[in-house]
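I opened a new page for this protein and started looking things up. These are my notes, in the order I made them.

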Amino acid sequence: MNAINPDETEAVSAAASASADADAGDAEKADSAAKTDEAPARSGRRRSLSVQIGLLYILLALINITFFSVVILENQTDLLLVNFKYQAESIVKTVLDDDLQELEFSPNKDDLSYRTLVNSLSAYDVQSFHVFTAEGKLWYEYTSPAADSDSEENPDEAPPEGEAAAPAGPGQISEELQRKTAEFTTEESLFRSRYVIDLNEKDFSLDFLLPLKSKTEDRVFLNAALSVNTIRERLNYLYYQVALAVVWGVIFHVAFALFVYRVIFRRVALLKEASDGMASGELETRADWKRKKSPDELDELGGNVSNTRTIIW
């Protein structure tokens, strides 16, 4: 039998170990290459950073514009409502204390007091009014030409403009108005108000009920409806201001978004193109744009990427 040479055994073991290391190195390189090939595929499935930030910015802009528009509208509307209530009280007190102080009324619709009443209430844009007794008997009725819905549908039957539309004969007021008058007259005299005002905050109109002086023994009341046009004009102007604020808000956010895109995202896209080119072996790729005299971080990063090819070569 031939004796085994120890030197030969060591040589064979070293060769086998070297072969195993080479195979392991090749496997690692293959895995690294596979991962490198998978990286672009994974990056292709990702959403762009500019898209994500853009969507978030649009959402925040909408929330911002909506929030401030609602706040402005609610605050200004509350102020208009307070002003409307104050003007309503002022108008009714003026009518009661000044315009109706010396007037006395009778069932005769041709009474001069009614003509004076029409002229006085017309100054406050009164749409309509009724003069009636506590028992519900209608003495006089007036509807302004602007508020008369029949004036457009039946122009031949409408009364001449500026004249009162008196009832053809004795009539009765509505049941709702009778109920309101009954509640007003049955209250305790100590706590009873001199008038009753119903405010409609939707269209800024008011309906008031107040007592009149009578030439007879009957208790007479005036029920009138009018619209505070100044408040409605201010409300329309408020809507215009809010719409203008929304337009300016949209313009500002669009301009800011374009500025951010030009200053940040456009340069980031150029940097990405340069890095992709260098990763594919195109070492001459540069990230060029017009740099400022005082460079920022992106300008410095672009310069470093462009100078990389010089360092590699």
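How many salt bridges does the count come to? Four, by the rule I used: a side-chain nitrogen of Lys or Arg within 4 Å of a carboxyl oxygen of Asp or Glu. More on them below.

**Ground rules**

This is a predicted model, so I noted that local features need pLDDT of at least 70 and side-chain atom pairs count only at pLDDT 80 or more, while totals for chains, interfaces and linings use all residues. Residues are numbered from 1 along each chain as its sequence is written, and side-chain values use heavy atoms, with hydrogens and water left out.

**Overall layout**

I counted elements next and got seven helices and seven strands. Here helices (H or I, at least four residues) and strands (E, at least two) are DSSP runs, numbered from the N terminus. Starting at the N terminus, I read the order as α-α-β-α-β-β-α-β-α-β-β-β-α-α.

The protein has 313 residues, and 27% of them count as buried. Buried is under 20% relative accessible area, exposed is over 50%, and partly exposed is in between (1.4 Å probe, protein chains only). About 21,600 Å² is exposed, with carbon and sulfur atoms supplying 55% of it; the areas come from the Shrake-Rupley method with a 1.4 Å probe, and for residues only the protein chains shown count as cover.

I also checked contacts (heavy atoms within 4.5 Å). Of those with a separation of 6 or more, 59% are between residues 24 or more positions apart.

**Back to the salt bridges**

Asp111 pairs with Lys215, with the closest N and O atoms 2.8 Å apart. This pair links distant parts of the chain: Asp111 is in the loop between β1 (104-105) and α3, Lys215 is in the loop between β6 and β7, and 104 residues separate them. Asp111 is buried, because its relative accessible area is 10%, whereas Lys215 at 47% is partly exposed.

Glu183 and Arg179 form another salt bridge, at 3.1 Å from N to O. Both sit in helix α5 (residues 175-186), four residues apart, about one turn of the helix. I have Glu183 at 42% relative accessibility, so it counts as partly exposed. Arg179 is also partly exposed, at 44%.

Then I looked at Lys180, whose salt bridge with Asp198 has its closest N and O atoms 2.8 Å apart. Lys180 is in helix α5 and Asp198 in strand β5, so the pair ties together parts that are 18 residues apart in sequence. Lys180 counts as buried because its relative accessibility is 15%, and Asp198 counts as partly exposed at 35%. I noted a network of salt bridges here, linking Lys180, Asp198 and Asp207.

**Helix α2 and what it packs on**

Does the span of α2 agree with what its 51 residues should give, or disagree? It agrees: at 1.5 Å a residue, helix α2 (residues 49-99) should span 75 Å, and its end C-alpha atoms are 72 Å apart. The expected span is 1.5 Å times one less than the number of residues.

Its buried residues include Ala61, Ile65, Leu80, Phe84 and Leu96. The buried residues of α2 pack against α3 (112-122), β5 (196-200), β6 (205-214), β7 (220-227) and α6.

I picked His253 in helix α6 for a closer look. His253 is buried, because its relative accessibility is 12%. Leaving out residues up to four places away in sequence, His253 touches Tyr57, Ala61, Asn64 and Ile65. The C-alpha atoms of His253 and Ala61 are 6.8 Å apart, although their positions lie 192 residues apart along the chain.

**Thr133**

Thr133 is in strand β2 (residues 126-133), and at 3% relative accessibility it counts as buried. Not counting neighbours within four places in sequence, Thr133 contacts Trp139, Asp218, Arg219, Val220 and Phe221.

**Aromatics**

I found ten aromatic pairs. The rings of Phe, Tyr and Trp (its six-membered ring) pair if their centres lie within 6.5 Å; planes under 30 degrees apart are stacked, over 60 edge-to-face, and the rest tilted. Phe67 and Phe68 make an edge-to-face pair, 5.3 Å centre to centre with 80° between the planes. One aromatic cluster is formed by Phe105, Tyr114, Phe129, Tyr140 and Tyr142.
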